[in-house]
Amino acid sequence: MDLLNSLRVFVRVVDSSSFTAAAQALDLSTAQVSRLVADLEQHVQARLLQRTTRRLGLTDAGERFLLRGRQILEDMDVATAEARGAHLKPSGRLRVHSMNALGVLITPLIARYSELYPDVVFELTLSQRNPDLLEEGHDVVISIAQELADSQFVAQVIGQIYSVPCASREYLQRHGVPSNPAALNEHRCLRMLDPLYSDQWLFHDEQGEHCVIPGKTFQCNVAESMVKASEAGMGISLLPFYSATQPVSEGRLVRLLPAYRPRERNVYAVYPSRSFLDAKVRTWVDFLKAELPRLFAEHEAVMNDPRHWA
């Protein structure tokens with residue numbers, strides 16, 4: 001039994017004061033309308049209408065049921081309109097997850113997006129893992145990987161990132177400047193404990209790929225802490241280029257081996273489905289696709305400035 005449809009028919013019968021008039025308005029037969037009202041009465045176990053050959057009247061139970069029924073139909077109409085509007089106008093809560101350092105980097109973009117779409121309430125969660133999108137209730141997960149495994153989710157590439165080896169000038173004065181990746185084996189290399197970082201540092205140039213295995217001298221899973229360790233002269237660290245931009249531009253760190261570039265990884269926006277895509281998800285992903293590469297380019301310009309190289 002379609003309870004909601006039967007309720008709509010019942011309300012129309014009352015408003016029309018006639019089964020026949022209600023049937024004409026709903027493009028149904030009079031017998032169908034009569035059957036739907038009877039099914040509704042059977043469902044609620046109460047007579048709702050008093051029927052005579054001349055008129056229809058509501059029972060006491062019918063009057064109470066009509067009052068509640070109208071409110072239910074109004075609430076359903078409002079909910080339906082809001083749901084349909086969600087595909088047209090960005091509004092409501094937008095739940096986004098990102099890796100720590102990248103999430104901090106995109107916060108100014110969130111501010112600019114919020115100026116464009118003030119009806120969207122942003123909820124940003126940061127951690128050092130890729131969460132389960134559905135189980136944890138995120139609308140969009142910003143993920144970093146060389147490539148993603150096949151899944152039922154939609155994944156759009158919104159940028160590329162890479163890492164750079166950095167050290168403090170004080171450390172380099174004491175230990176010298178490495179001239180190639182192999183020379184890093186003679187240095188104290190600090191290791192990121194992160195799913196995105198393997199135990200090997202892989203660099204490439206026109207001669208091919210070069211592998212460095214950092215020792216277990218200092219290990220950390222947060223880029224900001226690794227920056228501090230490098231600034232303190234503990235050794236050479238491999239940092240996401242956007243995490244290294246500020247300490248490098250301010251002279252607290254310098255970039256090493258600019259002729260050798262570690263392997264790039266993609267940044268993805270992952271969300272559940274293209275079908276009936278919510279406007280806030282669609283506009284946020286489109287905004288990131290346009291603005292994140294520009295933001296990356298600003299940071300990359302600093303890293304490619306020879307004044308910041310050792």
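Is S243 buried or exposed, and at what relative accessibility?

## S243 and its surroundings

In this predicted model, S243 has a relative accessibility of 16%, and because residues under 20% are classed as buried, S243 counts as buried. The residue belongs to helix 8, which spans residues 241-249. When neighbours within four places in sequence are left aside, S243 is in contact with A101, A223 and V227.

Two of these partners recur in helix 7 (residues 223-231), where A223 and V227 are among the buried residues, together with M226, A229 and S230. Seen down the axis of helix 7, these buried residues fall within an arc of 165 degrees, so they line one face of the helix. The buried residues of helix 7 pack against helix 5, strand 8 (189-192), strand 11 (219-220), strand 12 (236-240) and helix 8. Just after helix 7, G233 adopts a positive phi of about 85 degrees.

## The five-stranded sheet

Five strands form an open sheet in the order 4-3-5-15-6, and their pairing is mixed. Strand 4 (120-127) and strand 6 are at the edges, each having a single partner strand, so one side of each is left without a neighbour in the sheet. On average, and with direction ignored, neighbouring strands of this sheet are turned by 20 degrees against each other.

Two helices pack on these strands. Helix 9 (residues 279-303) touches strand 3, strand 4, strand 5, strand 6 and strand 15, and its direction makes about 15 degrees with that of strand 6. Helix 5 (residues 100-116) lies across strand 3 (92-99), strand 4, strand 5 and strand 15, and runs at about 170 degrees to strand 4.

## Strand 15 within the sheet

Strand 15 covers residues 265-271, and seven of its seven residues are buried, so the strand is largely enclosed by the rest of the structure. Its side chains divide into two sets: R265, V267, A269 and Y271 point one way, whereas N266, Y268 and V270 point the other way, and all of them are buried.

Strand 15 pairs with strand 5 (residues 140-145) in the antiparallel sense over five bridges, and within this pairing I144 stands opposite V267. Strand 6 (residues 154-161) also runs antiparallel to strand 15, to which seven bridges join it. On that side, I161 stands opposite R265, while A155 has V270 as its bridge partner in strand 15.

## Helix 2 and its ends

Helix 2 comprises residues 19-26, and its buried residues are F19, A22 and A23. They cover an arc of only 100 degrees around the axis, which puts them on the same side of helix 2. These buried residues pack against helix 1 (3-16), helix 3 (30-44), strand 1 (49-51) and strand 2 (56-58).

The N-terminal end of helix 2 is capped by S18, a side-chain oxygen of which lies 3.1 Å from the backbone nitrogen of T20. At the other end, helix 2 is followed by D27, whose phi is positive, near 60 degrees.

## Division into domains

The protein is divided into domain 1, residues 3-88, and domain 2, residues 90-309. Taken over C-alpha atoms, the centres of domain 1 and domain 2 are separated by 58 Å.

Notes: Residues are numbered from 1 along each chain as its sequence is written. This is a predicted model: local features need pLDDT of at least 70, side-chain atom pairs count only at pLDDT 80 or more; totals for chains, interfaces and linings use all residues. Side-chain values use heavy atoms; hydrogens and water are left out. Buried means under 20% relative accessible area, exposed over 50%, partly exposed in between (1.4 Å probe, protein chains only). Helices (H or I, at least four residues) and strands (E, at least two) are DSSP runs, numbered from the N terminus. Two strands pair if DSSP finds at least two bridges between them. Domain bounds come from an automatic or database domain assignment. The arc is that of the directions from the helix axis to the C-beta atoms. Contact means heavy atoms within 4.5 Å. A polar contact is a pair of N or O atoms within 3.5 Å; within protein, one must be able to donate a hydrogen and the other to accept it, and residues adjacent in sequence count only if both atoms are side-chain atoms. Axes are lines fitted to C-alpha atoms, for helices over the stretch in contact, and angles run from 0 to 180 degrees between N-to-C directions.
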